[in-house]
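Here is a short tour for someone meeting this protein for the first time. Please look over the sequence and the model, then read on.

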Amino acid sequence: MGIIETTLKNEKTGNFINLKTPIIGASGTYGYNCEFEDFVDLNYLGAISTKGITLEKRPGNSGNRIFEAQCGMINRIGLENVGINAFIKDKLPILKEKNIDFLLNIAGSTLEDYVKLAHIANENDIKAIEVNVSCPNVKQGCLEFGLNPSSLFELTSNIRKAYEGFLIVKLSPNTSDIKALARAAEAGGADCISAINTLRGLGVKIDFINNKFTKNTVQGGLSGQCIKPVALYMIKEIKSTVKIPVIAMGGITKLNDLFEFIAVGADAFQIGTANFIKPSICSDLAIELEDFMKQNNFKDFNELKGAIRNEQ
Ligand SMILES: Cc1cc2nc3c(=O)[nH]c(=O)nc-3n(C[C@H](O)[C@H](O)[C@H](O)COP(=O)(O)O)c2cc1C
């Protein structure tokens, strides 16, 4: 067992997953399976969260889908994905063959969509699913469940009935009461919460060419370093109100970011936008974390968490 190995466990039900490192490639930035294998040391990747998968294949949004913002990016990909059948047929065998641990990230327009996806995950013995109720870039569904505690409770309870594995609910920061949403997910049977998804944002680019102004805009989800303070606040709020583990994300790029998220309650991490800048970052940070712990005589990840939170 490596010293940065960690277990995420719902103490109430006993449901758990083991991660060989606490660092996970975030959904939508890490492909479906082994797209990053040329850059990343797979031995140091805790897991990947797959691109959000819907029941049917989706082409995503047309037009400009990406905007480079200051210290971040705005995307309006619109959940382009191959659909669950193609995922099971073409992508899952590669994950299995290469022994890559993963979270199946799912999204839907209706409660029935989510329940069908959960059934399929269950039938295929998928160990962990991450339910995206927080995508701001699609016209129908998804975020609608993620902003209303009673809808989220109903959705989570129905998924729970359909799926026996480790159930992660991914929350949106686009709310004024993240605590109520976290409690609804936990009460509905979630084993873990992940947060945050992107923040609603608008990129505007004005040029002045040949005596004329031109304007380009991209409205979508803001991610990257600029959202880290929001993510830290949200993780602190979530952790203050639920007992289940929390996977933190939002602007992580360096070792000290991991420490900051641990200080406010994170049990594991996902890295998204930073992969586009440095594709090796997930394993780089895991190796850096391991080196730090060895040099400073931390025997395991729990001990490090306790020391940062001044619990030991
Ligand atoms: C291009 C892009 C696509 C994304 N697609 C998804 C997705 O399909 N499902 C999902 O749950 N989150 C998706 N996200 C959100 C990320 O997983 C993550 O929650 C967010 O970007 C914050 O982390 P970061 O600041 O490290 O990027 C996407 C983010 C980006 C930048």
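## Overall build

The protein's secondary structure comes to 10 helices and 14 strands. The model is predicted. For a chain of 312 residues, a compact globule would have a radius of gyration near 20 Å; the protein has 19 Å, which agrees. The C-alpha trace spans about 65 × 45 × 40 Å along its principal axes. Of the 312 residues, 54% count as buried. Contacts often reach far along the chain. Among those between residues at least 6 apart in sequence, 68% join residues at least 24 apart.

## The nonpolar cores

Which residues touch the most other members of the largest nonpolar core? They are Phe87, Leu104, Tyr114, Ile126, Ile129 and Leu171, out of 87 residues in that core. Helix H2, residues 111-123, gives the core its largest share, 7 residues. Another core lies apart from it, with 12 residues. Leu103, Ala128, Phe166 and Cys192 are among them.

Take Ile129 as one of the well-connected members of the largest core. Leaving out residues up to four places away in sequence, Ile129 touches Leu104, Ile106, Ala118, Ala121, Ile159, Tyr163, Phe166, Leu167 and Ile168. Leu104 is also on the list of residues that touch the most other core members.

## A buried charge

Glu130 sits in strand S8, residues 128-132. Glu130 is buried yet has no salt bridge. How far away is the nearest side chain of opposite charge? That side chain belongs to Lys170, and it is 4.6 Å away. A salt bridge needs nitrogen and oxygen within 4 Å, so 4.6 Å does not qualify. Glu130 does have a polar partner. Its side chain makes a polar contact with the side chain of Ser194, at 2.7 Å.

The surroundings of Glu130 draw on many parts of the sequence. Beyond its neighbours within four places, Glu130 is in contact with Ser27, Ser49, Leu103, Leu104, Asn105, Ile106, Ile168, Lys170, Ser194, Met249 and Gln270. Two of these names have come up before: Leu104 belongs to the largest core, and Leu103 to the other one.

## Salt bridges

Side chains of opposite charge can pair when their charged atoms come close. In this protein the count comes to 15 salt bridges. Three of them are set out here.

| Salt bridge | N to O distance | Relative accessible area |
|---|---|---|
| Lys98 and Glu37 | 3.3 Å | Lys98 32%, Glu37 31% |
| Lys205 and Asp207 | 2.8 Å | Lys205 41%, Asp207 24% |
| Glu237 and Lys236 | 3.2 Å | Glu237 15%, Lys236 40% |

Where do Lys98 and Glu37 lie? Lys98 is in the loop between helix H1 (84-97) and strand S7 (102-106), and Glu37 is in the loop between strand S3 (23-25) and strand S4 (47-49), so the pair ties together parts that are 61 residues apart in sequence. Lys98 is partly exposed. Glu37 is partly exposed as well.

In the pair of Glu237 and Lys236, Glu237 is buried at 15%, whereas Lys236 is partly exposed at 40%. Salt bridges can also share partners. Lys228, Lys254, Asp257 and Glu260 are joined into one network that way.

## Helix H7 and its cover

One member of that network, Asp257, lies in helix H7, residues 255-263. Buried or exposed: which is Asp257? Asp257 is buried, as are Leu255, Leu258, Phe259, Phe261 and Ile262 in H7. The cover over the buried residues of H7 includes S3, H6, S13, strand S14 (268-271), helix H9 (281-295) and helix H10 (301-308). Gly265 follows H7, and its phi is positive, near 120 degrees.

## A buried loop proline

Pro245 lies in the loop between helix H6 (228-239) and strand S13 (246-248). Pro245 is in a loop, yet it is buried, with a relative accessible area of 6%. What does Pro245 touch, apart from residues up to four places away in sequence? The answer is Leu8, Lys9, Asn10, Asp191, Cys192, Ile193, Lys239 and Asp267. Cys192 is one of the residues of the 12-residue core. Pro245 and Leu45 are 200 residues apart in sequence, and their C-alpha atoms are 19 Å apart in space.

How values were computed
Residues are numbered from 1 along each chain as its sequence is written. This is a predicted model: local features need pLDDT of at least 70, side-chain atom pairs count only at pLDDT 80 or more; totals for chains, interfaces and linings use all residues. Side-chain values use heavy atoms; hydrogens and water are left out. Helices (H or I, at least four residues) and strands (E, at least two) are DSSP runs, numbered from the N terminus. Buried means under 20% relative accessible area, exposed over 50%, partly exposed in between (1.4 Å probe, protein chains only). Lys and Arg count as positive and Asp and Glu as negative; His and the chain ends are not counted. A polar contact is a pair of N or O atoms within 3.5 Å; within protein, one must be able to donate a hydrogen and the other to accept it, and residues adjacent in sequence count only if both atoms are side-chain atoms. Contact means heavy atoms within 4.5 Å. A nonpolar core is a set of buried Ala, Val, Leu, Ile, Met, Phe, Trp, Tyr and Cys residues joined through side-chain atoms within 4.5 Å. The radius of gyration is taken over C-alpha atoms; the globule rule is 2.2 Å times the number of residues to the power 0.38.
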